[in-house]
Structures are given as C-alpha cells and as structure tokens.
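Open the model and follow the text residue by residue. The tour begins at one side chain and works outward.

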Amino acid sequence: MIALPVRQHKPDRVPRNGAGIAAALGSVKRIEFYRELLVAAPEEAEAILKRWWCEAMLDTAPVVTG
C-alpha cells in the first residue's frame, strides 16, 4: 500500500529569492524593495525578503470573479 499526500505540493507563484520577488512586483514596488534590501543589515535581510515575498504573492494572486 502506498500513501499519497491529499494535496500535491505546487511550486510557489513567486520564487522565494530576491530576483523572483523583484520580477513579480510592479516597477514602483520593485524600486522600494531593492531600496530596502540594499540598505539592510545582513540580519535584517531575511525579514525584508519575507515581507516583500508576501506582497509579491498578493500582487500575483489570481482574480476571482462572480
């Protein structure tokens, strides 16, 4: 007997790295993302990536109508 997961894991719409996040953001948000990331201390970078990844995921979310 083989156990299969109920839900198959799909890759994220937005890769969890700087290039993936930047590609998913609009131009104004992308500039702000790079501005924050480039001046961040190394220990702050992970939190900045997480916050902007969430923003990018929201920006790329499929629109559900009706």
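Start at isoleucine 48, which sits in helix α3. The model is a predicted one. Is isoleucine 48 buried or exposed? Its relative accessibility is 13%, and the limit for buried is under 20%, so isoleucine 48 counts as buried. Leaving aside residues up to four places away in sequence, isoleucine 48 touches Glu36, Leu37 and Ala40. Tyrosine 34 gives a further point of reference: 14 residues separate it from isoleucine 48 along the chain, and the two C-alpha atoms are 9.9 Å apart.

Move to leucine 49, also a residue of helix α3. Leucine 49 has 26% relative accessibility and therefore counts as partly exposed. Its contacts, again without residues up to four places away in sequence, are Gly18, Ile21, Phe33 and Leu37. Arginine 35 lies 14 residues from leucine 49 along the chain, with 12 Å between their C-alpha atoms.

Now widen the view to the helices. Two packed helices are described by the angle between their axes and the distance between the axes. Helix α2 covers residues 27-39, and helix α3 covers residues 42-59. Their packing angle is about 170°, and their axes are 10 Å apart. Angles over 145 degrees count as roughly antiparallel, so α2 and α3 are roughly antiparallel to each other. Which residues make the contact? From α2 come Lys29, Glu32, Phe33, Glu36 and Leu37. From α3 come Ala45, Ile48, Leu49, Arg51, Trp52, Glu55 and Asp59. By class, the contact of α2 with α3 holds six nonpolar residues, no polar ones and six charged ones.

Take the nonpolar side next. In soluble globular proteins, nonpolar side chains tend to be buried together. Here the largest nonpolar core has 11 residues. Its members are Val14, Ile21, Ala22, Leu25, Phe33, Ala40, Ile48, Trp52, Trp53, Ala56 and Met57. Helices α1 (18-24) and α3 each supply at least two residues of this core. Which helix gives the largest share? That is α3, with five residues. Isoleucine 48, the starting point, belongs to this core.

Tryptophan 52 is another core member, and it is also part of the contact between α2 and α3. Not counting residues up to four places away in sequence, tryptophan 52 touches Ile21, Leu25, Lys29, Glu32, Phe33 and Glu36. Among these partners, Ile21, Leu25 and Phe33 are core residues, while Lys29, Glu32 and Glu36 appear on the α2 side of the helix contact.

Turn to the charges. Side chains of opposite charge can pair when their charged atoms come close. How many salt bridges does a search of the whole structure find? The search finds six.

One of them joins arginine 51 to glutamate 36, with 2.6 Å between the closest N and O atoms. This pair links distant parts of the chain: arginine 51 is in helix α3 and glutamate 36 in helix α2, 15 residues apart. Arginine 51 has a relative accessible area of 43%, so it is partly exposed. Glutamate 36, at 21% relative accessibility, also counts as partly exposed. Both residues belong to the contact of α2 with α3.

A second bridge brings lysine 29 and aspartate 59 together, at 3.0 Å from N to O. It too links distant parts of the chain, since lysine 29 is in helix α2 and aspartate 59 in helix α3, 30 residues apart. Lysine 29 is partly exposed because its relative accessibility is 30%. Aspartate 59 is partly exposed as well, at 36%. The pairing does not stand alone: Lys29, Glu55 and Asp59 are linked in a network of salt bridges.

A further bridge pairs arginine 16 with aspartate 12, and their closest N and O atoms are 3.0 Å apart. Are these two side chains buried or exposed? Arginine 16 reaches 57% relative accessibility and so counts as exposed. Aspartate 12, at 35%, counts as partly exposed.

Finish at asparagine 17, in the segment before α1. Asparagine 17 is partly exposed, because its relative accessible area is 37%. Lysine 50 is 33 residues away from asparagine 17 in sequence, yet their C-alpha atoms are 9.2 Å apart in space.

Terms used. Residues are numbered from 1 along each chain as its sequence is written. This is a predicted model: local features need pLDDT of at least 70, side-chain atom pairs count only at pLDDT 80 or more; totals for chains, interfaces and linings use all residues. Side-chain values use heavy atoms; hydrogens and water are left out. Axes are lines fitted to C-alpha atoms, for helices over the stretch in contact, and angles run from 0 to 180 degrees between N-to-C directions. Helices (H or I, at least four residues) and strands (E, at least two) are DSSP runs, numbered from the N terminus. Angles under 35 degrees count as roughly parallel, over 145 as roughly antiparallel, 65 to 115 as roughly perpendicular and the rest as oblique. Contact means heavy atoms within 4.5 Å. Ala, Val, Leu, Ile, Met, Phe, Trp, Tyr, Cys and Pro count as nonpolar, Asp, Glu, Lys and Arg as charged, and the others, Gly among them, as polar. A salt bridge is a side-chain nitrogen of Lys or Arg within 4 Å of a carboxyl oxygen of Asp or Glu. Buried means under 20% relative accessible area, exposed over 50%, partly exposed in between (1.4 Å probe, protein chains only). A nonpolar core is a set of buried Ala, Val, Leu, Ile, Met, Phe, Trp, Tyr and Cys residues joined through side-chain atoms within 4.5 Å.
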